[in-house]
Structure formats: C-alpha cells, structure tokens
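Subject: Structure handover

Hi,

Here is the structure I promised to pass along. Have a look at it in your viewer first, and then read on for my notes.

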Amino acid sequence: MEEFKELENLWQQSETKMPTKNTNISKIKNNRMKLKNTYTKGAILLLVTGIFIIGLMISLDSNLKTIPIMSSMIIISTVCFLQAFLMLFTAKKISNIDETQTPSFHLKQWQNFREFQKNQRHWNMPVYYLFLGTALGIYMYELLKSVDLWKMILAFAITYSWMFFAYFYLGKKEIKKQDAKLDGIISELKSLENQFQ
C-alpha cells in the first residue's frame, strides 16, 4: 500500500499545469494571417505597379524617351520592386513564426518580429518616399517643362499633397492597425504564458 501512495505522490508532482482560463488561440492565428496577407497583397500590388511602369516606359513615344524621363521611370519601378521584395521578406518572417513552440518561445518570436518591424520602419518609409518623390519630381518636370508655370505648379502641388497625405496620414493609420494586431498577438501570448507558470 505504501508503494501505491509513493506512486500516487510522484504522479501528482509531475502533473503539468493546464491553463485555467480560456485563451483565444484563433485570435492569434487570425491576426497572424491578416498581417501576412497585408504584406503579401501589398507586395503583389507593388510588383504589378513596377511592371506597369516598365511597360509604360517601353511604349513611350520616342520624343519622350529622354535620359531624365527614362531614368526616373527606372528608379520608380526599382523602388517598387525593392519595396515589394522587402514586404515579401516580412511576410516570410511572419510565416516562419512557429506556433507549435511553447508559449514563451512563441512570444519571443513575435517580440523579435516586432523589433525587426520597428527597425525596418525607422529607415524604410522615409527612404521609400524620398526616392519615389525625387524620381517622380524629375519625371514630372521633364514632362511639364513646356507648359505654363502655373500648370506645372498645380501638378506638383496635387502630386506632392497626395504623397504627404499618404505618408503622414494613410501610412501612420496602417502602422497603427498593424501595431494593434501585433499587440493583440503579444498580449494573448503573454496571457497564455502566465497561465503555464
């Protein structure tokens, strides 16, 4: 009988604690897929845009095939391709996060991804808009240099107003949405990790 008691005590000591409250694992997976899809769709859109610009460049009238116009179109399409590859790389990093690991390791993977994303945003958005804005300015100037000055100024004002709106409003809004998804994932994982301690 004593052996049975010892065996029972040993079995109770080795019991793994199960989470006491229900965590929403599907919410983590859902946010992960949304983040990955956002990057993938953005990359596809940028690849299509870059290809379209190259097609437009090839089909330009010979009068418009000047070095500044051709150079600016090449720069714009290259910027689109580089940004698309960066977005695909980011989507791949999200795919590489292993959900089968322990909550603490899974949490660490997401925290590493968040750090990567912060570093990327720090340099990526300004560089992207700087190159895009410069190339677009050269392109527009070459196309519009023979029109009235007020028309050129109007075209530049509309174009750069849209770019500032996209950078300072739409870009920041998208960053907040992505951060909310990441915060949701990290918060759920922290909660899950605390239950296992």
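Below is what I found, from the overall fold down to the charged side chains.

Please keep in mind that this is a predicted model. The protein has five helices and zero strands, so to speak an α-α-α-α-α run when you read from the N terminus. There are 197 residues, and 35% of them count as buried. If you take the contacts between residues at least 6 apart in sequence, 78% join residues at least 24 apart. The accessible surface is about 13,000 Å², with 64% of that area belonging to carbon and sulfur atoms.

On the annotation side, the unreviewed UniProt entry lists "transmembrane region" at residues 42–60, 66–89, 127–144 and 150–170. I looked at two of these spans in the model. Residues 127–144 are 100% helix and 0% strand, with the end C-alpha atoms 25 Å apart. Residues 150–170 are likewise 100% helix and 0% strand, and there the end C-alpha atoms lie 28 Å apart.

Now for the charges, which may interest you most. Side chains of opposite charge can pair when their charged atoms come close. The structure holds six salt bridges, and R114 takes part in two that I want to point out.

One of them pairs R114 with D179, at 4.0 Å from N to O. R114 lies in helix 4 (residues 103–144) and D179 in helix 5 (residues 149–196), so this salt bridge ties together parts that are 65 residues apart in sequence. The other pairs R114 with D183, whose closest N and O atoms are 2.6 Å apart. This pair also links distant parts of the chain, with D183 in helix 5 and R114 in helix 4, 69 residues apart.

How covered are the partners? R114 counts as buried because its relative accessibility of 16% falls under the 20% cut-off. D183, in contrast, is partly exposed, with a relative accessible area of 39%.

A further salt bridge stays within one helix: E174 and K177 meet at 3.8 Å, N to O, and both lie in helix 5, three residues apart, about one turn of the helix. Each counts as partly exposed, E174 at 27% relative accessibility and K177 at 46%. Elsewhere, salt bridges that share partners join R114, R121, D179 and D183 into one network.

Happy to talk it through whenever suits you.

Best wishes

Key. Residues numbered from 1 in each chain as written. Predicted model: local features only at pLDDT ≥ 70, side-chain atom pairs only at ≥ 80, totals over all residues. Heavy atoms only, no water. Helix = DSSP H or I, 4+ residues; strand = E, 2+ residues; numbered from the N terminus. Buried < 20%, exposed > 50% of the residue type's maximum accessible area, 1.4 Å probe, protein only. Contact = heavy atoms within 4.5 Å. Areas by Shrake-Rupley, 256 points an atom, 1.4 Å probe, with all protein chains shown as cover. UniProt positions renumbered as here; feature names shortened; annotations may be inferred. Salt bridge = Lys/Arg side-chain N within 4 Å of Asp/Glu carboxyl O.
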